[in-house]
Amino acid sequence: MLKCEMNQLFKSLAFFLVAMTVASCGSDQVFKKYHKFEKNTWKRMNHDVVFEVDIEDNSRKYDIIIPIRHASFYPHQFIEIGFNIYSPEGQASYSERKIYLKDPEGNWKGKGMGDIWDFDYTFFEGYTFNETGKYTFELQNLTGNNMFLPGVMEIGLIIKRTKIK
């Protein structure tokens, strides 16, 4: 009986490992990380969010996504973000975006559960990195004259290989 149980355990473990291997092979995600804000407030001055990412393949194109988690009491229809990308050699590129978190009717975009909303904004689609190595990504709060931006719980960075269409 013990031999039968061990055999079943081995089969279950083998199935699990194969399933995990197959699932991981299909992933185009290169990087995913979030920054959580203290007291659900993004302070404007000296509170830039920084991520470092190793890019190993510069022959591919990538989608750069900014996931934003916010509360329903977030006071604005949009969030303005400054986005710096520093290459391993120190070259900088800068972009600004006004990211609308509400649609024209005033409904929150993204997925919501209770008072918490998750919205993924594609900042760049099909982005090409000029070189391999460690890139630094820096997000800045540029929203109005607000020194504190309440209701912003987390902001992150997701980098995925662009799917070939």
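This dialogue reads several features of a predicted model.

Q: Where do I start with the largest nonpolar core, and which residues touch the most other members?
A: Start from the general idea. In soluble globular proteins, nonpolar side chains tend to be buried together. Here the largest nonpolar core has 34 residues. W42, I64, I79, I81, F83, F137 and L157 touch the most other members.

Q: Which strands each supply at least two residues of this core?
A: They are β3 (49-55), β4 (61-71), β5 (78-86), β8 (116-128), β9 (133-141) and β11 (152-161). The largest share, six residues, comes from β8.

Q: Take I79. What does I79 touch, leaving out residues up to four places away in sequence?
A: I79 touches W42, I68, Y74, R97, K98, I99, L101, T143, L149 and V152. Read that list next to the core list, where both I79 and W42 appear.

Q: How should I read side-chain directions along a strand, and which residues of β3 point to which face?
A: In a regular strand the side chains alternate between the two faces of the sheet. β3 shows this alternation. V49, F51, V53 and I55 point to one face and are buried. V50, E52 and D54 point to the other face and are not buried.

Q: In what sense do β3 and β9 pair, parallel or antiparallel?
A: The pairing of β3 with β9 is antiparallel, over seven bridges. For a specific position, take V49, which stands opposite L139 in β9.

Q: Now a polar residue. Is N84 buried or exposed?
A: The cut-off for buried is under 20% relative accessible area. N84 has 7% relative accessibility, so N84 counts as buried. N84 lies in strand β5.

Q: Which side chain makes a polar contact with that of N84?
A: The partner is E138, and the contact is 2.8 Å. Beyond four places in sequence, N84 touches S93, Y94, T136, F137, E138 and Q140.

Q: How many aromatic pairs does a search of the whole structure find?
A: The search finds 15. Take the pair Y135 and F137 as a worked case. The ring centres are 6.5 Å apart and the planes are at 35°, so the pair is tilted. Y135 is buried, with a relative accessible area of 3%. F137 is also buried, at 0%.

Q: Which residues form one aromatic cluster with Y135 and F137?
A: The cluster consists of Y62, F83, Y121, F123, F124, Y127, F129, Y135 and F137. F83 and F137 also belong to the core residues that touch the most other members.

Q: What about charges over rings: which ring face does R97 lie over, and which does K98 lie over?
A: R97 lies over the face of F123, at 4.4 Å from the ring centre. K98 lies over the face of F78, also at 4.4 Å from the ring centre. Both R97 and K98 are on the contact list of I79.

Q: Last, backbone angles. What is the phi of K39, and what is the phi of N40?
A: Most residues other than glycine have a negative phi, and most peptide bonds are trans. K39 has a positive phi of about 55°, although K39 is not a glycine. N40 also has a positive phi, near 55°.

Q: Where are K39 and N40 found?
A: K39 sits in the loop between β1 (29-36) and β2 (41-43). N40 is found in the loop between β1 and β2. K39 is exposed, with a relative accessible area of 74%. N40 is partly exposed, at 26%.

Technical notes
Residues are numbered from 1 along each chain as its sequence is written. This is a predicted model: local features need pLDDT of at least 70, side-chain atom pairs count only at pLDDT 80 or more; totals for chains, interfaces and linings use all residues. Side-chain values use heavy atoms; hydrogens and water are left out. A nonpolar core is a set of buried Ala, Val, Leu, Ile, Met, Phe, Trp, Tyr and Cys residues joined through side-chain atoms within 4.5 Å. Buried means under 20% relative accessible area, exposed over 50%, partly exposed in between (1.4 Å probe, protein chains only). Helices (H or I, at least four residues) and strands (E, at least two) are DSSP runs, numbered from the N terminus. Contact means heavy atoms within 4.5 Å. A polar contact is a pair of N or O atoms within 3.5 Å; within protein, one must be able to donate a hydrogen and the other to accept it, and residues adjacent in sequence count only if both atoms are side-chain atoms. Rings of Phe, Tyr and Trp (its six-membered ring) pair if their centres lie within 6.5 Å; planes under 30 degrees apart count as stacked, over 60 as edge-to-face and the rest as tilted. A charge sits over a ring if NZ of Lys or CZ of Arg is within 6 Å of the ring centre and within 35 degrees of the ring normal. Two strands pair if DSSP finds at least two bridges between them.
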